[in-house]
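Opening my notebook on this one. I'll go through the coordinates piece by piece and jot down what turns up.

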Amino acid sequence: MIYYCGQIITLAEGLGVINGGAIVVNGDCIVEVGDYDDIKGKFAEEPEKKIDGLVTPGLINLHHHLYSSLARGWNPGVAPESFYEILKNIWWRLDRALSEDEIYYSALIGLIDSIRCGVTTVVDHHSSQTVIDGSLDLVGNAFQESGGRGSICFEISDRNGAIQSLAGLNENIRALQKWRRGDDGLISPMCGLHGSFTLSDSTLEQIASRTGDLNCGYHFHLLEDDCDRKLSVSQFNSPPLDRFIKYGLVNQSTIAAHGLHLDADEIGRLHDTGATLAHCPRSNLNNAVGVINYEEAFGTGLHIGIGTDGMDGNCLSDALIAVLLCKDRTANPNSGFQEVADSLMNINGFAFEKISGQKVGKIYPGYKADFVVWDYDPPTTLDNSNFGAHVFYGLSQARVNSVWVNGRNVYADHQLTTMDEAAIRARCRELSSKLWKRL
Ligand SMILES: [Zn+2]
């Protein structure tokens, strides 16, 4: 199929922005992109479809918690005064209460909201500490049925006892064996861990020994708040990153979320592993834990991507906030823009490729056919020299019109094509009100 587009921001080196361009898709992959007339000459027999609007690659969210979707508007009845209290009184209560139905619908509505924000790949970190066995099938079903791409994992933690911790490890292993890395499907599993401060040495050792030959990436929280360091040192005599490195859980496919309280030496050692840090500034601000000194960490060569950490599906919103925070912290209006653009437009896709073996995030031959059509008629010239400004200041405020994932048109003219969205939203409201009463 040839998609004839007005304007394409390819994010691919050497191609940049194409006016009057076309994308040729074969199955789930892009096979050609370029000038429409050239492509029409080369693929004369191929059917074509016209796309109105600006086209970009699908965005990638490097750290999300789809299980948080039904918490929006819930009043937990307590006012947490620290990050630890936020976890204890809000998220750990929620993740113990979730039923099978609630897990599935949380994931589903979270993915639909992501698609509506132009996000076609979600790296999810799931927690449901009562319904553990089979929970990743429910999340996986939500990906398959909505048509979104991503990574899944289960949050292993000792906070509810050894039985749940072991069940969490088993659930990750089951998913890693079911959806193999490098398969062509929508789901690429990882092994999920909470944070160092809720994981004993024996649990880390068990995770390492049982997943060592599965060739997987690990997805965990790292120094989101300084309590992680204090509790890790007091309970386990070692700071968080040292512990994860000691057990071999930090590899080039690893996603470490946050890293706000990494010191310079730790940033250097994390960089040496090839792992990617997921910067989630809106969540950090929302939890009042501060934000990482992004420009300094980025300057060391550390791979930093962008995620939303359960706030919502809109990682372009996090990218914009990341830029503004850099400018504010450095009191330099030139700071942050190029770096965050690199995080959003290059590093996120590179990190996902290391997790999954799949190329996403660019419109280029060999990449997955994941792309987005925006309701955005540029009010000023948009070309190779300035498309980043249109992405951050224009698309971040624009509506998504249509979305393709894996060659499939999952969202068309502001409507989900894969499922009945209105019925899903109604069911989510029904489930959330019952969930909140139980909580
Ligand atoms: Zn998180």
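What is the sign of phi in the residue that follows α4? I looked up G147, which comes right after α4, and its phi is positive, near 95°.

Housekeeping before I go on. This is a predicted model, and local features need pLDDT of at least 70, side-chain atom pairs count only at pLDDT 80 or more, while totals for chains, interfaces and linings use all residues. Residues are numbered from 1 along each chain as its sequence is written.

**Helix α4**

I checked the length of α4 (residues 135–146): 12 residues, with 17 Å from its first C-alpha to its last, close to the 16 Å expected at 1.5 Å a residue. The expected span is 1.5 Å times one less than the number of residues. Helices here are DSSP runs (H or I, at least four residues) and strands are too (E, at least two), numbered from the N terminus.

Next I listed the buried residues of α4: S135, L136, L138, V139, G140, A142, F143 and S146. Buried means 20 or more other C-beta atoms within 10 Å of the residue's own, exposed means 12 or fewer, and partly exposed is in between, with C-beta atoms placed from the backbone. The cover over those α4 residues includes α3 (100–116), β7 (119–124), β8 (149–152), α5 (162–178) and β10 (187–189).

**Strands**

I followed β7 to its partner β6 (residues 59–64), and the two run parallel, joined by 4 bridges. Strands count as paired if DSSP finds at least two bridges between them. L59 stands opposite V119 in β7. Of the 6 residues in β6, 6 are buried.

Then the open sheet: 6 strands in the order β9-β11-β12-β13-β14-β15, with parallel pairing. Its edges are β9 (155–156) and β15 (303–306), each pairing on one side only. Inside that order I looked at β12 (residues 218–222) and β13 (residues 255–258), which pair in the parallel sense over 4 bridges. L222 has H258 in β13 as its bridge partner.

H258 deserved a second look, as its phi is near 85°, positive in a residue other than glycine. H258 counts as buried because 28 C-beta neighbours sit inside 10 Å.

For contrast in pairing sense, I pulled up β3 (residues 21–26) and β4 (residues 29–35), which are antiparallel over 6 bridges. V24 pairs with E32 in β4. The two strands make a hairpin with 2 residues between them, and G27 in the turn has a positive phi of about 65°.

One more positive phi: A288, not a glycine, at about 55°. A288 is in the loop between α10 (281–286) and α11 (294–299). A288 counts as exposed because it has 12 C-beta neighbours inside 10 Å.

**Domains**

How is the protein chain divided into domains? I get domain 1 (2–58 + 362–416) and domain 2 (59–356); the bounds come from an automatic or database domain assignment. Their C-alpha centres lie 29 Å apart. Across the boundary, 19 residues of domain 1 are in contact with 23 residues of domain 2, contact being C-beta atoms, placed from the backbone, within 7 Å.

On the domain 1 side, β16 (371–375), α14 (387–394), β17 and β18 (408–412) each supply at least two residues. That side splits into 11 nonpolar, 4 polar and 4 charged. The classes: Ala, Val, Leu, Ile, Met, Phe, Trp, Tyr, Cys and Pro are nonpolar, Asp, Glu, Lys and Arg are charged, and the others, Gly among them, are polar.

I zoomed in on α14, where F387, H390, V391 and F392 are buried. Their cover includes β1 (2–9), β2 (17–19) and α12 (315–330).

In β17 (residues 399–405) I picked R399. R399 is partly exposed because 13 other C-beta atoms lie within 10 Å. Its C-alpha is 7.5 Å from that of Y376, 23 residues apart along the chain.

**Core**

Last entry: which residues of the largest nonpolar core touch the most other members? Of its 127 residues, they are I23, A107, L111, V139, A319 and A322. Both domain 1 and domain 2 give this core at least three residues. A nonpolar core is a set of buried Ala, Val, Leu, Ile, Met, Phe, Trp, Tyr and Cys residues joined through C-beta atoms within 7 Å.

I finished with the contacts of A322, skipping neighbours within four places in sequence: H279, P281, Y294, I306, G336 and V340.

Notes
Contact = placed C-beta atoms within 7 Å.
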